[in-house]
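Me: I want to go through this model strand by strand, then look at the helices and a few loop residues. Please keep the replies short.

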Amino acid sequence: MKYRRIVINEPHASIEGLYDEYLGFWDIDEEFFNDVVLKWTDWHTDYLFHGNRIDGVRTVRFSYSRFIVDAERLWDDPLEREGQGILYTRFGRYVRNIPDENRSNLLGLWHQHQAKLRKNLCPDALLLDCHSFPSELSDVDICIGYNEDWSKPHRDVIECAVNLFEDHGYKVGVNEPYSNSETPDCPFQYQSMMLEVNKKAYMDEHSLRIRHDHKYKKNVRDLMLHLLSELSENNSF
Ligand SMILES: [Zn+2]
């Protein structure tokens, strides 16, 4: 199965906006930065997954931190109850007090991101929802997720991704430890697949440096480019 277009979603790669007086509203101290922001930002996913040099691949990167707006959350996200809907208001012991007059501006950033995804998608496209996660959560290296609905990728697409990473020595989880994949409403059908990469597979979580010391393994970025070329109709590099 080849796709006419692949749209890469990168919602959690940025730390922008944390200190903006109209966007931030967190009491930022060293612990918040070290234990929360550094841990939960999907560092370098923009580097790992960028497919700009491949025709037929478009990238939609959210420019702000997830602690400003979580562009991945649903409009009525169940996590809203825990203060972690589109606009986080609580994270661990940290509280964010967003003045009422700033909420619509923040929510507008979520709408903008959804609109950008919709604008880039087309019938029969594949949305690749790209993330990473802290290694303490799971020993899975690569998690591939999807929804059990109209947006589920063809079986051979899921198998292609699983085999590619497994054949290169990575431990792959399917809908484990994460499931589901971003699917903005569109008036046409497309498919959606999530890739969640364990940070230990590509970076040092303390220094935040990208690792390229896999002597025997192809690195995740090379495999991603390989996957894009496998799934794209337009695979001229
Ligand atoms: Zn993420």
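Reply: A residue counts as buried if 20 or more other C-beta atoms lie within 10 Å of its own, and as exposed if 12 or fewer do. The model is predicted.

Me: Which residues of β6 are buried on the two faces?
Reply: In a regular strand the side chains alternate between the two faces of the sheet. Both faces of β6 are covered. One side holds Ile142 and Ile144. The other side holds the buried residues Cys143 and Gly145.

Me: How many residues of strand β8 are buried?
Reply: Strand β8 spans residues 191-198. On one side Gln191, Met193, Leu195 and Val197 are buried, and on the other Ser192, Met194, Glu196 and Asn198. The strand is largely enclosed by the rest of the structure, because the buried count is 8 of the 8 residues.

Me: Does β5 pair with β8 in the parallel or the antiparallel sense?
Reply: Strand β5 covers residues 126-133. Leucine 127 has serine 192 as its bridge partner in β8. Phenylalanine 133 stands opposite asparagine 198 in β8. Over 8 bridges, the sense of the β5 and β8 pairing is parallel.

Me: How many bridges join β6 to β8?
Reply: Strand β6 runs from 142 to 145. Isoleucine 142 has valine 197 as its bridge partner in β8. β6 and β8 run antiparallel, and the number of bridges is 4.

Me: What is the bridge partner of isoleucine 144 in β7?
Reply: β6 and β7 run parallel. They are joined by 3 bridges. In β7, the partner of isoleucine 144 is valine 174.

Me: In what order do the strands of the open sheet come?
Reply: β8 pairs with β5 in the parallel sense, but β6 and β8 run antiparallel. The pairing in the sheet is mixed. Its 6 strands follow the order β2-β1-β5-β8-β6-β7.

Me: Which are the edge strands?
Reply: An edge strand here pairs on one side only. That holds for the strand at 57-61 and the strand at 172-174. They are β2 and β7.

Me: What angle does the direction of α4 make with that of β7?
Reply: Helix α4 consists of residues 155-167. The helix packs on the sheet and touches β6, β7 and β8. Its direction makes an angle with that of β7 of about 160°.

Me: Are α4 and α5 roughly parallel or roughly antiparallel?
Reply: Helix α5 covers residues 220-231. The axes of α4 and α5 come within 11 Å and cross at roughly 150°. Angles over 145 degrees count as roughly antiparallel. The two helices are therefore roughly antiparallel.

Me: How many residues of the contact of α4 with α5 are nonpolar?
Reply: α4 contributes Val157, Cys160, Ala161, Leu164 and Phe165. α5 contributes Leu223, His226, Leu227, Glu230 and Leu231. With 1 polar and 1 charged residue, the nonpolar count is 8.

Me: Is proline 153 buried or exposed?
Reply: Proline 153 lies in the loop between β6 and α4. Beyond four places away in sequence, proline 153 touches Leu126, Tyr146, Ile158, Gln191 and Met193. Because proline 153 has 24 other C-beta atoms within 10 Å, it is buried.

Me: How far apart in space are proline 153 and methionine 1, C-alpha to C-alpha?
Reply: Along the sequence they are 152 residues apart. In space, C-alpha to C-alpha, the distance is 9.6 Å.

Me: Is tyrosine 19 buried or exposed?
Reply: Tyrosine 19 sits in the loop between β1 and α1. Its C-alpha atom is separated by 9.8 Å from that of isoleucine 68, 49 residues away along the chain. With 10 other C-beta atoms within 10 Å, tyrosine 19 is exposed.

Me: What is phi of phenylalanine 25 near?
Reply: Phenylalanine 25 is also placed in the loop between β1 and α1. It counts as buried, with 21 C-beta neighbours inside 10 Å. Its phi is positive, in a residue other than glycine, and near 65°.

Me: Is the peptide bond from glutamate 176 to proline 177 cis or trans?
Reply: Proline 177 is in the loop between β7 and β8. Asparagine 175 is found in that loop too, with a positive phi of about 50°. For the bond from glutamate 176 to proline 177, omega is near 5°, and the form is cis.

Key
Residues are numbered from 1 along each chain as its sequence is written. This is a predicted model: local features need pLDDT of at least 70, side-chain atom pairs count only at pLDDT 80 or more; totals for chains, interfaces and linings use all residues. Two strands pair if DSSP finds at least two bridges between them. Two residues are in contact if their C-beta atoms, placed from the backbone, lie within 7 Å. Axes are lines fitted to C-alpha atoms, for helices over the stretch in contact, and angles run from 0 to 180 degrees between N-to-C directions. Angles under 35 degrees count as roughly parallel, over 145 as roughly antiparallel, 65 to 115 as roughly perpendicular and the rest as oblique. Ala, Val, Leu, Ile, Met, Phe, Trp, Tyr, Cys and Pro count as nonpolar, Asp, Glu, Lys and Arg as charged, and the others, Gly among them, as polar.
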